[in-house]
Amino acid sequence: MSTPRALPRLSTALQSTEVAAVYSLVTIGALFSTHALRQLMGDAGYGAILTGLCVIGAGIMLARRAELRVIHLIPTTLLVLLAWLLITVGWSGSPEATLSGWLQLAAPTFLAVVVAQFRDTLQTVRATGDVLRMLLAVSLGLEILSGILLNLPIRFLGIAGNIAYGGPIQGIFGTRTALGLVTIIALLTFLVEWRTRSVSAGVAIGSVALAATLAVFTASPIVLGMVLISGTATGALAILRRVRPSVRPVLQWVLSAVVVVGLILVYLFRRPLVYWLNAEPDFFTRSRLWNVILDMSALRPVQGWGWADTWPDHLSPYTYIRIVTGRSHASALNAWMDVLIQAGTVGVVLLVVFVGLALARAWTSASERRSTVYVWPALVIIVLLTDSIVTSSLLGGSGWFLLVLCATRASLVRGWRRERPLAPDASISPDAFGPGAPA
């Protein structure tokens, strides 16, 4: 008898902005804490957390369906990419692994769409800032505890306790590269918070100092590369935002040409750059791995070997790659190589279109809109793309979540949907989530 009375109260709670705010905090926290949660709870426990968040997210969307429009929910290019990855189950060596890998991508996709629909860009930046402040503080505290106070590694979290020697440190993120990516995203987030006066100057300065300190202690050449690229992009945006609107299109084309020339020079002088960054061991490991991947991709160049996300054990061609390289790789250490071997050139092209449109929309909004908060999606996408050259973190967890989140927000602000007049009945009806609803 009490159930019918409880449903209206539950619906009212799910419609509240407070629930949406807490939901965004918990979601971002769970995705950035993936490594720590998996080590503490196992894959099943972490999967249960994501499943619970997806169920709650679906409840929020159902309760607030009157505010939504189907055409605004998700970028079309992302839908096509996800559909292709699911189709690869048809020729995968293990359909179960493909379905599992696809769900690992679909879950953060759905969570990002929910957050993007009910939290604006500034609210998202604030939630991300709050989460990263806490996680970086915990990481620094555990590194000090392990490396200075106890002088013992915390093995189950992967903390080696090297902070007393100047690094490298990993924090609760598993590897120094993962921590480095988080620190750069955190720096961008904290600086945007500072510029928009979302937090006090003391909190902003302390947050920037915390992220910068951890970035230095990662002792990772990849972090230096991300700092240089994100710093250059920030400078370019600062110039674009200050020039006259009539001059801006010409300057955009000039910057595009400079980027193309820069990419060509980086490729031509990649070996001197590797030596300068002191990254020879990492480079040679990746170079050998990528050569083997290219050889195996040539056997299935168009469709790939079937999507699997993290490489499964005892499944071709990943077992063969591990034998040839002599290392137990769980990914291609490059997002684009991973998509190539798993989803073929079709998958690579679809990912390029999706990411390219997302970056173009975010960059245009950042250069034209007055508020500093619009800079955040563009710079986050650029950092993720930089990291995708040396890791595959773009294809899952917090990396994929941020990419989809930024792409969805950019399409809501700048996409063709904003230019298309919508009929009054375009809102999602109460029946839209019932039988026959769009997938």
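This briefing covers salt bridges, the nonpolar core, helix details and unusual backbone geometry in one structure. The model is predicted. A search of the whole structure finds five salt bridges and zero disulfides. The largest nonpolar core has 121 residues. One cis peptide bond described below runs from Ser-316 to Pro-317, and positive phi values in residues other than glycine are described for Arg-197 and His-314.

**Salt-bridge network around Arg-126**

- Arg-126, Asp-130, Arg-133 and Glu-193 are joined in a network of salt bridges.
- Within this network, Arg-126 pairs with Asp-130, and their closest N and O atoms are 3.0 Å apart.
- Both Arg-126 and Asp-130 belong to helix H6, residues 121-149, and are separated by four residues, about one turn of the helix.
- Arg-126 is partly exposed at a relative accessible area of 24%, and Asp-130 is also classed as partly exposed, at 32% relative accessibility.
- Arg-126 forms another salt bridge with Glu-193, with an N to O distance of 3.1 Å. Because Arg-126 lies in helix H6 and Glu-193 in helix H7 (residues 176-195), this pair ties together parts that are 67 residues apart in sequence.
- Glu-193 is buried, with a relative accessible area of 0%, whereas its partner Arg-126 is partly exposed.

**Salt bridge between Arg-38 and Asp-43**

- The side chains of Arg-38 and Asp-43 form a salt bridge with an N to O distance of 3.4 Å. The pair meets the criterion because a side-chain nitrogen of Lys or Arg must lie within 4 Å of a carboxyl oxygen of Asp or Glu.
- Arg-38 is partly exposed, at a relative accessible area of 33%.
- Asp-43 is exposed, at a relative accessible area of 57%.

**Nonpolar core**

- In the core of 121 residues, those with the most contacts inside it are Leu-136, Ile-293, Phe-354, Trp-400, Phe-401 and Leu-402.
- Helix H14, residues 335-368, gives the most to this core, contributing 15 residues.
- Beyond its neighbours within four places in sequence, Leu-402 is in contact with Phe-32, Ile-185, Trp-376, Val-380 and Leu-384.
- One of these contact partners, Phe-32, is a buried residue of helix H2.
- In soluble globular proteins, nonpolar side chains tend to be buried together.

**Helix H2**

- Helix H2 consists of 16 residues, 17-32. At 1.5 Å a residue the helix should span 22 Å, and its end C-alpha atoms are 23 Å apart, so the two values agree.
- The buried residues of H2 are Ala-20, Tyr-23, Ser-24, Thr-27, Ile-28, Gly-29, Ala-30, Leu-31 and Phe-32.

**Ser-411 in helix H16**

- Ser-411 is located in helix H16, residues 397-414.
- Ser-411 is buried, at 2% relative accessibility.
- The side chain of Ser-411 comes to 2.8 Å from the backbone oxygen of Thr-408.

**Cysteines**

- No disulfides are found, the count for the whole structure being zero.
- Cys-54 is buried, at a relative accessible area of 19%. It falls in that class because buried means under 20% relative accessible area.
- Cys-406 is also classed as buried, at 1% relative accessibility.

**Backbone geometry**

- Most residues other than glycine have a negative phi, and most peptide bonds are trans.
- The peptide bond from Ser-316 to Pro-317 is cis, with omega near 10 degrees.
- Pro-317 sits in the loop between helix H12 (280-297) and helix H13 (318-325).
- His-314 is found in the loop between H12 and H13 and has a positive phi of about 55 degrees.
- His-314 is exposed, at 76% relative accessibility.
- Arg-197 has a positive phi, near 55 degrees, although it is not a glycine.
- Arg-197 lies in the loop between H7 and helix H8 (201-217).
- Arg-197 is exposed, at 76% relative accessibility.

Conventions: Residues numbered from 1 in each chain as written. Predicted model: local features only at pLDDT ≥ 70, side-chain atom pairs only at ≥ 80, totals over all residues. Heavy atoms only, no water. Helix = DSSP H or I, 4+ residues; strand = E, 2+ residues; numbered from the N terminus. Expected span 1.5 Å × (residues − 1). Buried < 20%, exposed > 50% of the residue type's maximum accessible area, 1.4 Å probe, protein only. Core = buried A, V, L, I, M, F, W, Y, C linked by side-chain atoms within 4.5 Å. Contact = heavy atoms within 4.5 Å. Polar contact = N/O pair within 3.5 Å; in protein donor to acceptor, adjacent residues only side chain to side chain. Disulfide = S-S within 2.5 Å.
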